[in-house]
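Here are my notes on the model you passed along. I went through the helices, the sheets and a few single residues, and you may want the viewer open while reading.

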Amino acid sequence: LLQTGGIYANMGQDDSAAVYLAKAAEVAAMDTSYVEERNSAQLNLAIVQQRMERHQDAIQSLKTYLSWNPGDNEATRSLAMAYRGAGMSDSAQAVEQRLLSAFSAMNTDSLSTSDLMAVGVGYFNGEKYDQAAQIFAKVVERNPYSRDGLYNLANAYFAQKNFDSLAATAAKLLEIDPMSADGLQLLGQAQRELKQQDAMLKTAERLVGLPFSVDIATFQLANNGAKLMATATGRPAMDARGNKIPAVPVTLVFEFVSAAGQAIDVEEITVPTLEAGTEFEIRLDASGDNIRGWRYKPKA
């Protein structure tokens, strides 16, 4: 049951995965010799439920899992995310504050990158933007190809009104995620505040000419590879004069890289012609050791 659920999850068939994982957790819970299988099924069930935006179900699954494994910080972070997805911001903040209190008592250099990210998010949600920026900067220092680290750092700088640092960080973000409408908006806001008129106009042209925006949903690392899932959403692309740019297929070349930027695997995917508002799911599996991030660009 557990293996079948995992296969369905890897194929993106989340409804079927949830059924098998729920049953696997139920069956394994009846026998104390299957504790690891029970825990794995329960946690993966919560992950699938979050992916399906069944946040209330994910909250219950994660609470059950954490009753068995109260020290699992990754699952605790997932619980906070599930609360936020369900619109329960007070509950999410309470969970984040518990994590933040535990992590703040530790030397941040001793924390894993994912734990550092949790600290930064906790500071940011608590409107402690200076501390958030310092933590996210540590994440990016460890891994310059952490898209989430760069994106969160840019938003912390924006909240601080530190527009010089925002401009530099948004530019780095767009080097790895060039089809991000959010990244272009952040860069344009910094350039406007810095009164960099020519640069701002060029960024605005890139934004209005974007045929689709890429939004990364998940990036999961494994021992010998990685999985990336994203959504390309069509936009009403226009040129600088306001003329409509016809939508055409675009091939994106994804490089899966080490923390030093070495390309370990390369995968291509063609995004078909997208009308404004229509979506295309991007699912990529990369192979290789020591993958820590990714970057992509449209194929010339």
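The points below go through helix packing, then the sheets, then some individual positions.

1. First, a reminder that this is a predicted model. Everything that follows is computed from it, so please read the numbers in that light.

2. Let's start with the α7/α8 pair. Helix α7 covers residues 113-125 and helix α8 covers residues 129-142. Their axes come within 8 Å and cross at roughly 160°. With the cut-off for roughly antiparallel set at over 145 degrees, α7 and α8 therefore count as roughly antiparallel to each other. The crossing of α7 past α8 is left-handed.

3. Who meets whom in that pair? On the α7 side, the residues include Leu 116, Met 117, Val 121 and Phe 124. On the α8 side, Ala 132, Ile 135, Phe 136 and Val 139 are among them. Polar and charged side chains take part too, including Thr 113 from α7 and Gln 131, Lys 138 and Arg 142 from α8. Sorted by type, the residues of this contact come to 11 nonpolar, 3 polar and 2 charged.

4. Helix α7 also packs against α9, which spans residues 147-160. Here the axes come within 11 Å and cross at roughly 25°. Angles under 35 degrees count as roughly parallel, so that is the label for α7 and α9. This crossing is left-handed as well. From α7 the contact uses Met 117, Val 121 and Phe 124, and from α9 it uses Asp 148, Gly 149, Asn 152, Asn 155, Ala 156 and Ala 159. The split is 5 nonpolar, 3 polar and 1 charged. Note that Met 117, Val 121 and Phe 124 also appear in the contact of α7 with α8.

5. Asn 155 deserves a look of its own. This residue sits in α9. Is Asn 155 buried or exposed? Its relative accessibility is 19%, and the limit for buried is under 20%, so Asn 155 counts as buried. Setting aside neighbours within four places in sequence, its contacts are Phe 124 and Leu 186. Phe 124 is one of the α7 residues in the α7/α9 contact.

6. A little further along is Asn 162, in the loop between α9 and α10, the latter covering 163-176. Asn 162 has 27% relative accessibility and so counts as partly exposed. Its C-alpha atom is separated by 8.5 Å from that of Ala 190, although the two residues are 28 residues apart along the chain.

7. Now the sheet with β4, β3 and β6. It is open, has 3 strands in the order β4-β3-β6, and the pairing is antiparallel. The edge strands are β4 and β6 (293-298), and each pairs on one side only. Neighbouring strands are turned by 20° against each other on average, direction ignored.

8. Within that sheet, β3 (residues 250-257) is joined to β4 (residues 263-271) by 8 bridges, and to β6 by 6 bridges. For checking the register, Leu 252 stands opposite Ile 269 in β4, while Val 253 stands opposite Lys 297 in β6. β3 and β4 form a hairpin with 5 residues between them. What is the phi of Gly 261 in the turn? It is positive, at about 95°.

9. The other sheet is also open, with 3 antiparallel strands in the order β1-β2-β5. β1 (212-222) and β5 (279-287) stand at the edges with a single partner strand each, so one side of each has no neighbour in the sheet. The twist averages 15° from one strand to the next. Strand β2 (residues 225-234) pairs with β5 in the antiparallel sense over 9 bridges. A handy register marker is Ala 230, which stands opposite Ile 282 in β5.

10. Last, Ala 80 in helix α5 (residues 73-85). Its relative accessible area is 3%, so Ala 80 is buried. Not counting residues up to four places away in sequence, Ala 80 touches Ala 92, Val 95 and Glu 96. If you want a long-range distance to check, Ala 80 and Gln 189 are 30 Å apart, C-alpha to C-alpha, and 109 residues apart in sequence.

How values were computed
Residues numbered from 1 in each chain as written. Predicted model: local features only at pLDDT ≥ 70, side-chain atom pairs only at ≥ 80, totals over all residues. Heavy atoms only, no water. Helix = DSSP H or I, 4+ residues; strand = E, 2+ residues; numbered from the N terminus. Buried < 20%, exposed > 50% of the residue type's maximum accessible area, 1.4 Å probe, protein only. Contact = heavy atoms within 4.5 Å. Pairing = 2+ DSSP bridges. Axes fitted to C-alpha atoms, helices over the stretch in contact; angles between N-to-C directions. Parallel < 35°, antiparallel > 145°, perpendicular 65-115°, else oblique. Left-handed = near helix turned anticlockwise from the far one by under 90°.
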